[in-house]
Amino acid sequence: MSAWISSPFFGIALTILAYWAGVKFQKKTGLVICNNMLVTVVLLIGVLSIFRIPYESYNNGGAIINLMLGPATTCMAVTIYRKRELLKKNWLPVLLGCLAGVVTSVGSILGLCRLFGLDASMTASLLPKSVTSPIAAAVSADHGGIISITVAAVVVTGILGNLTAPFLIRLFRVKDPLAAGLGIGACSHAVGTAKAMELGETEGAMSGLAIGVCGIMTALLALSFELFL
């Protein structure tokens with residue numbers, strides 16, 4: 001049994017089963033709060049805690065799944081390419097929208113960290129929370145952050161974006177699919193983009209584009225982190 005738990009196949013199989021259960025549970029309940037990603041995380045934590053399975057054993061397979069994040073994000077380029085004409089016509093609003101999202105995200109976290117007296121390490125860990133995990137982890141590590149906290153912040157941000165995006169779009173009466181997609185991608189990266197793709201092809205394409213653009217902008221803005229930390 002211990003050999004099976006230590007095998008990479010255990011982490012992979014457990015993750016797939018938990019996600020499958022999350023999807024089924026969301027469809028069964030129809031509740032927004034029962035988001036498949038959120039249910040998956042809860043199930044994984046529950047199984048590891050109840051059976052006292054070390055995280056390191058699970059991560060032997062979980063890390064392999066994590067490697068697929070980069071290629072999966074890259075595949076979003078297909079939908080972006082299909083909307084290239086729309087992008088050409090609106091390149092300036094796209095850039096300004098992404099810039100506004102990055103400045104708002106980084107600025108709000110910086111302000112809150114100062115308000116609550118968090119140290120430089122914790123601040124660096126939380127600042128890149130709204131970009132995709134590979135970029136966020138690199139930015140955090142380069143500026144003395146704690147990568148595990150960064151990844152946790154990225155996951156929580158993505159799930160919150162996935163849960164609240166449709167409600168916020170209705171609340172603020174966002175009618176333009178381009179604006180809706182950019183907003184989702186700029187705030188909640190790949191997990192939010194999954195929800196954007198459910199809303200429409202344009203929303204999904206623009207959200208996928210925002211992941212890359214906002215990631216680059218955040219990495220560049222990170223160069224000046226030391227001035228504020």
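**A chat about a predicted model**

Reader: Ser105, buried or exposed?
Author: Ser105 counts as buried, at 10% relative accessibility. Bear in mind that this is a predicted model.

Reader: Which helix does Ser105 lie in?
Author: Helix α8, which covers residues 91–115.

Reader: And what is Ser105 in contact with, leaving aside its neighbours in sequence?
Author: Once the neighbours within four places in sequence are set aside, Ser105 is in contact with Lys129 and Ser130.

Reader: Cysteines next. How many disulfides does a search of the whole structure find?
Author: The search returns 0 disulfides.

Reader: Why is there no bond at Cys214?
Author: Because the closest cysteine sulfur, in Cys98, is 3.9 Å from the sulfur of Cys214, and that is too far for a bond. The cut-off for a disulfide is 2.5 Å between the sulfur atoms.

Reader: What about Cys187, where is its closest cysteine sulfur?
Author: In Cys214, 8.0 Å away from the sulfur of Cys187, again too far for a bond.

Reader: Are those two cysteines buried or exposed?
Author: Cys214 is buried, at 1% relative accessibility. Cys187 is partly exposed, with a relative accessible area of 43%.

Reader: Changing topic. How many salt bridges are there in the whole structure?
Author: A search finds 3 salt bridges. One of them joins the side chains of Arg82 and Glu201, at 3.8 Å from N to O.

Reader: What does the pair tie together?
Author: Arg82 is in helix α6 (residues 77–82) and Glu201 is in helix α13 (residues 201–221), so the salt bridge links parts that are 119 residues apart in sequence.

Reader: How accessible are Arg82 and Glu201?
Author: Arg82 is exposed, its relative accessible area being 55%. Glu201 counts as partly exposed at 41%.

Reader: What does Glu85 form a salt bridge with?
Author: With Lys88, and the closest N and O atoms are 3.6 Å apart. Both residues sit in helix α7 (residues 84–89), where being 3 residues apart separates them by about one helical turn.

Reader: Exposed or buried, that pair?
Author: Glu85 is partly exposed, with a relative accessible area of 45%, while Lys88 is exposed at 55%.

Reader: Now Glu198. Which side chain does it meet in a salt bridge?
Author: That of Lys195, at 3.1 Å from N to O. The two are 3 residues apart in helix α12 (residues 177–199), about one helical turn.

Reader: And how accessible are Glu198 and Lys195?
Author: Glu198 is exposed, at a relative accessible area of 58%. Lys195 is buried, at 13%.

Reader: Let's do helix α10. Which residues of it are buried?
Author: Helix α10 takes in residues 133–142, and its buried residues are Ser133, Ala136, Ala137, Val139 and Ser140. These cover an arc of only 165° around the axis, which puts them on the same side of α10.

Reader: What is the phi of Gly144, after α10?
Author: Gly144 follows α10 and has a positive phi, near 80°.

Reader: On to the rings. How many aromatic pairs turn up?
Author: A search of the whole structure finds 2 aromatic pairs. One of these is Trp4 with Phe10, where the ring centres are 6.2 Å apart and the planes stand at 80°, so the pair is edge-to-face.

Reader: Are Trp4 and Phe10 buried or exposed?
Author: Trp4 counts as partly exposed, at 42% relative accessibility. Phe10 counts as buried, at 11%.

Reader: How are the rings of Tyr55 and Tyr58 placed?
Author: Their centres are 6.1 Å apart with the planes at 50°, so that pair is tilted. Tyr55 and Tyr58 are 3 residues apart in helix α4 (residues 55–67), which separates them by about one helical turn.

Reader: And Tyr58, buried or exposed?
Author: Tyr58 counts as buried, with 10% relative accessibility.

Reader: Last one. What lies over the face of Tyr81?
Author: Arg84 does, at 4.1 Å from the ring centre of Tyr81.

Technical notes
Residues are numbered from 1 along each chain as its sequence is written. This is a predicted model: local features need pLDDT of at least 70, side-chain atom pairs count only at pLDDT 80 or more; totals for chains, interfaces and linings use all residues. Side-chain values use heavy atoms; hydrogens and water are left out. A salt bridge is a side-chain nitrogen of Lys or Arg within 4 Å of a carboxyl oxygen of Asp or Glu. Helices (H or I, at least four residues) and strands (E, at least two) are DSSP runs, numbered from the N terminus. Buried means under 20% relative accessible area, exposed over 50%, partly exposed in between (1.4 Å probe, protein chains only). The arc is that of the directions from the helix axis to the C-beta atoms. Rings of Phe, Tyr and Trp (its six-membered ring) pair if their centres lie within 6.5 Å; planes under 30 degrees apart count as stacked, over 60 as edge-to-face and the rest as tilted. A charge sits over a ring if NZ of Lys or CZ of Arg is within 6 Å of the ring centre and within 35 degrees of the ring normal. Contact means heavy atoms within 4.5 Å.
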